[in-house]
Amino acid sequence: MSRYAVDPLTALQAKEQAQKLAFAPIAFQAAQSLRELGILAVLDAAGPTGLSAQQIAERSGVSEYGAKVLLDMGLSALVVTQDGDNYVLARLGHFLLHDAMTRVNMDFTADVCYRAMSHLTETIRSGRPEGLREFGDWPTIYEGLSRLPEKARKSWFDFDHFYSDKAFPELLQRIFAERPKTIVDIGGNTGKWSLQCCAHDEDVHMTIVDLPRQLALALDNAREHGFEARIHGHPMNILDDSQPLSAEADIWWMSQFLDCFSPMEILRILRRIRAAMRPDASVYILELFWDRQHFEAAAYSLNATSLYFTCLANGNSRFYHSKDMLDIVEEAGFVVAEQVDDIGLGHTLLRLRAG
């Protein structure tokens, strides 16, 4: 039975959760401030005995009023506990302060998504990423990545790379078991995967397919790492049928790329690759599918991030249910030769062959 098939809450629990949801944005901002103002770090250093509000204020440089109003919200949000007059860092507060995944997710939400989400209802109605106006006048966020404010740009790339980087070691072993000499990296972003491939195998040649502005950044990174002779660029909009996809490859690679497109756009992309590839080539898709996650928090995070795609990225993409993606793969003329779940932090790798 699906874990979503039964309502798990009593009426009283549901009403209590509704109040927490009503004030969730405020709790989020309070947690951010507790971290950014150094209050969590002060409590962490104090250990299990904790500190009074006055001591916290003195050590953090925050007014006593500011410290107390944040800490009292922290009590309700389970970020801190209280022992007499002393506040003590709770387990949740520890993870807010020390857990890398939590930090990356919170920074992405705060710096990239937060203001944009106020446009979500409008986005759903229009089918366009209305929240993107908070940053610039671009049709999608991808055209504007290099022009985002520095803090937002850093949080975007930190979020994007955190999940893919954890999968790299296993992926390299699997991909290079085929001994490829040429790989086309579609949607190569900053070129991180191509750099990893060149460092892993001294003979492989990479071609990165991406939008011109983003491709320029990837090729700069290739030169910086001394791989300019083996990492090549193919500037194009993959959805523009007037631009030829004329690369040759043993392997066609797409990592966290297809989630940036609508189902019909994914079908178009896969059909273009199917028409351009050699019969003996392999196509690899690395994706996060929300239904393939072991932990509810992971599925929750992916479904929340889908609303980033809705409100900021392009208005019509998301993290997909695996069945939806597999149906598109089949319609595009591919067969799944191999499917591997639980790579890195919940990725699924699909190896496709032409059907």
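These exercises look at cysteines and aromatic rings in a predicted model.

**Exercise 1. Cysteines**

Find how many disulfides the structure holds, and check C198 and C260.

*Solution.*
- A disulfide needs two cysteine sulfur atoms within 2.5 Å.
- By this rule, the count is 0.
- Take C198: its nearest cysteine sulfur belongs to C197 and is 6.9 Å away, and C198 is in no disulfide.
- C198 is buried, at 2% relative accessible area.
- Now take C260: the closest cysteine sulfur, in C113, is 13 Å away, too far for a bond.
- C260 also counts as buried, with 10% relative accessibility.

**Exercise 2. F28 and Y114**

Classify the ring pair of F28 and Y114, then place both residues.

*Solution.*
- The structure has 13 aromatic pairs.
- In this one, the ring centres are 5.7 Å apart and the planes meet at 15 degrees, so the pair is stacked.
- F28 sits in helix α2, and Y114 in the loop between α7 and α8.
- The pair therefore ties together parts 86 residues apart in sequence.
- F28 is buried at 18%, while Y114 is partly exposed at 28%.

**Exercise 3. W253 and Y284**

Do the same for W253 and Y284.

*Solution.*
- The centres are 6.3 Å apart, with 45 degrees between the planes.
- Planes from 30 to 60 degrees apart count as tilted, and this pair is tilted.
- W253 belongs to strand β7 and Y284 to strand β8, so the pair links parts 31 residues apart in sequence.
- W253 is buried at 0%, and Y284 is buried at 3%.

**Exercise 4. A cluster and a charge**

Name the aromatic cluster that includes F162, and find which charged end sits over the F162 ring.

*Solution.*
- F108, F159, F162, Y163, Y308, F309 and F319 form one cluster.
- The charged end of K166 sits over the F162 ring, 3.9 Å from its centre.

Notes: Residues are numbered from 1 along each chain as its sequence is written. This is a predicted model: local features need pLDDT of at least 70, side-chain atom pairs count only at pLDDT 80 or more; totals for chains, interfaces and linings use all residues. Side-chain values use heavy atoms; hydrogens and water are left out. Buried means under 20% relative accessible area, exposed over 50%, partly exposed in between (1.4 Å probe, protein chains only). Rings of Phe, Tyr and Trp (its six-membered ring) pair if their centres lie within 6.5 Å; planes under 30 degrees apart count as stacked, over 60 as edge-to-face and the rest as tilted. Helices (H or I, at least four residues) and strands (E, at least two) are DSSP runs, numbered from the N terminus. A charge sits over a ring if NZ of Lys or CZ of Arg is within 6 Å of the ring centre and within 35 degrees of the ring normal.
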